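Biologist: Please take me slowly through a single part of this model, explaining each term as you reach it.

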Amino acid sequence: MPVEFIGQISTQFASEIHPSSGPAIDPDFVRRFVGAHEDAGFDKVLVGHSASSADGLQVAAFAAAHSERLGYLVAHRPGFMAPTMAARAFATLDRFSGGRVAVHTVSGGSEADQARDGDHLDKEGRYRRTDEYLEVMERTWTAEEPFDHRGEFYDVADVHAVARPVQQPRIPIYFGGSSQAAYRVGGKHADVFALWGEPLAETAEQIAAVHEAARAAGRSTMPRISVSFRPILGTTEEQAWERAHDVLDRIVAADGGGGSFTGRTTHRRGHETTRTNAGSQRLLAAAERGELHDRALWTPTAAASGAAGNSTALVGTPETVAAALLDYVDIGATTFLLRGYDPLDDVADYGRRLLPLVREELARRERVPA
């Protein structure tokens, strides 16, 4: 199976090194951002979610109407919409887009951001709810006959949806998280399990944990694995590292960077940034162990931003970074979520100089097996 490349779009121009500019929801920018990803050869783009961001389903619907091929991975928090309603909404968008939609399930990594929408469940409760939510949503997409469901969180009767997705047997489910609860629930339901970019050894350990959870859930087919990075490219190694340090200096100068582009929910106490979710804690722990790991993984960007979202970089020439991505393929990655610090320029650069190298090497491997 070829590697899948996913970018990320937002509704205004912003990153950790670029303060938000323009309206919070800028249709012209969304069209340009979508077009840049489609032109660059990305397979999908992630539409993020937070309690203060634009509605992801509507952003994806607008973007799909202004693109031909690009897929949309819509971040979705279970618990704020009935699973039957969510199933109909995603199926409707899948129909209108011609089968270009996937669900990125995020149970919630910040109690404060959850509370902004009135959700006060603890972490374990959120994952139990997600488990039940996905069960009902999947049945709504696939059940041939009306069904009832009575569980801890949902009680629905005579469910029979006319709106069915184009994709069969159902819309793909992606799942994010780095805790044991995430492995348990994602291992049970996910088609693709998404991890943030850690060193190879730690990533291999997480992949093993996800697959163990999938086997414990009785699955014979393992979830595919996505890993997220922030590539920083240069024509030479020296140029790449010069740019990397410039990016780091600008993140530090911005006190960790802005937030609207990631749905960031960092809490600040003085100058200390605290993150409670397991993924951020793991990235910060990797940064504590060292700045440079393996071939090209650089962690100071994660430390400087408080690991608010995927924030570890791969630094080097396109050839170096492509080889680093292939190292992750070799341990089981099938998907990469890549986003840059210069949003539009980096997307175009990845399309010209990075994605083709990875695809060409994978094609060569298929022709000449090891």
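Modeller: An axis here is a line fitted to C-alpha atoms, for helices over the stretch in contact, with angles from 0 to 180 degrees between N-to-C directions; helices are DSSP runs (H or I, at least four residues; strands are E, at least two) numbered from the N terminus. The model is predicted, so local features need pLDDT of at least 70 and side-chain atom pairs pLDDT 80 or more, while totals for chains, interfaces and linings use all residues. Residues are numbered from 1 along each chain as its sequence is written, and side-chain values use heavy atoms, without hydrogens or water.

Let us look at helix α6, residues 180-189, whose axis comes within 7 Å of that of helix α7, residues 200-216, and crosses it at roughly 60°. That makes α6 oblique to α7 (under 35 degrees is roughly parallel, over 145 roughly antiparallel, 65 to 115 roughly perpendicular, the rest oblique). In this crossing, Y183, R184 and G187 of α6 are in contact, with heavy atoms within 4.5 Å, with Q206, A209, V210, A213 and A214 of α7. By class, this contact of α6 with α7 holds 5 nonpolar residues (Ala, Val, Leu, Ile, Met, Phe, Trp, Tyr, Cys, Pro), 1 charged (Asp, Glu, Lys, Arg) and 2 polar (the others, Gly among them).

Helix α6 also meets helix α5, residues 123-142, where the axes come within 10 Å and cross at roughly 5°, which makes α5 roughly parallel to α6. Here E124, Y127, T130, D131, L134, E135 and E138 of α5 meet A181, A182, R184, V185, K188 and H189 of α6, and the residues of this contact divide into 6 charged, 5 nonpolar and 2 polar.
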